[in-house]
Amino acid sequence: VNIGAGAATIALAGAIVGIGNVFNCFEGQHEITPIQPHFVARNPSLARQLFGYAILGFALTEAIALFALMMAFLILFIF
């Protein structure tokens with residue numbers, strides 16, 4: 001049971017990478033993945049609209065992390 005809960009928390013690492021990727025792509029500072037576009041650096045006039053998309057991406061990625069944490073607790077304490 002503990003191994004299953006530990007395996008369920010691996011999704012949290014993916015969520016952390018996703019959150020970092022959302023804001024890194026928004027700000028335009030790419031040392032790891034230089035292929036992705038620099039949204040604000042390419043068109044600063046769209047910064048306000050793109051910030052809304054970045055917050056949406058952050059919220060969806062954070063929701064996945066919370067679901068993974070919930071599943072880990074369910075596996076740990078229910079089963």
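The following legends describe close-up views of one protein chain in a predicted model.

In this predicted model, local features need pLDDT of at least 70 and side-chain atom pairs count only at pLDDT 80 or more, while totals for chains, interfaces and linings use all residues. Residues are numbered from 1 along each chain as its sequence is written, and side-chain values use heavy atoms, with hydrogens and water left out.

**View 1. The protein chain with its four helices.** The chain has four helices and zero strands, where helices (H or I, at least four residues) and strands (E, at least two) are DSSP runs numbered from the N terminus. Along the sequence, the pattern reads α-α-α-α. Of the 79 residues, 20% count as buried; buried means under 20% relative accessible area, exposed means over 50%, and partly exposed lies in between (1.4 Å probe, protein chains only). Among contacts in the chain with a separation of 6 or more, 67% are accounted for by residues 24 or more positions apart. A contact means heavy atoms within 4.5 Å.

**View 2. Helix α4 and its buried residues.** L50, A54, G57, T61, A65, A68 and A72 are buried in α4. The helix covers residues 47–77. Its 31 residues should span 45 Å at 1.5 Å a residue, and the end C-alpha atoms are 44 Å apart, which agrees. The expected span of a helix is 1.5 Å times one less than its number of residues.

**View 3. The span annotated as a transmembrane region.** An unreviewed UniProt entry gives the annotation "transmembrane region" to residues 50–78. UniProt positions are given in the numbering used here, feature names are shortened, and annotations may be inferred rather than shown by experiment. In the model, this span is 97% helix and 0% strand, and the C-alpha atoms at its ends lie 41 Å apart.

**View 4. T61 and the residues that it touches.** T61 lies in helix α4. Why does T61 count as buried? T61 is placed in this class because its relative accessibility is 14%. Leaving aside residues up to four places away in sequence, T61 touches A15, G18, I19 and V22.

**View 5. F23 of helix α2 beside its contacts.** F23 has its place in helix α2, residues 10–27. With a relative accessible area of 22%, F23 is partly exposed. Not counting residues up to four places away in sequence, F23 touches A54, I55 and F58. F23 and I55 are 32 residues apart in sequence, and their C-alpha atoms are 8.6 Å apart in space.

**View 6. A7 and A8 in helix α1.** Helix α1 covers residues 2–8 and contains A8; A7 lies in α1 too. Which residues does A8 touch, not counting residues up to four places away in sequence? They are A68, A72 and I75. A8 is buried, with a relative accessible area of 18%, whereas A7 is partly exposed at 45% relative accessibility. A8 and I75 are 67 residues apart along the chain, and 8.3 Å separates their C-alpha atoms. For A7 and A68, 61 residues apart in sequence, the C-alpha to C-alpha distance is 10.0 Å.

**View 7. A nonpolar surface patch that includes L76.** The patch of about 1,100 Å² is made by L66, F67, L69, M70, M71, F73, L74, L76, F77, I78 and F79. Patches are made of residues with over 30% relative accessible area and no salt bridge: like charges are joined within 9 Å, and nonpolar side chains (Val, Leu, Ile, Met, Phe, Trp, Tyr) within 5 Å. A salt bridge is a side-chain nitrogen of Lys or Arg within 4 Å of a carboxyl oxygen of Asp or Glu. L76, found in helix α4, counts as partly exposed at 31% relative accessibility. The protein chain exposes about 5,700 Å², of which carbon and sulfur atoms supply 74%. Accessible areas come from the Shrake-Rupley method with a 1.4 Å probe; for residues, only the protein chains shown count as cover.
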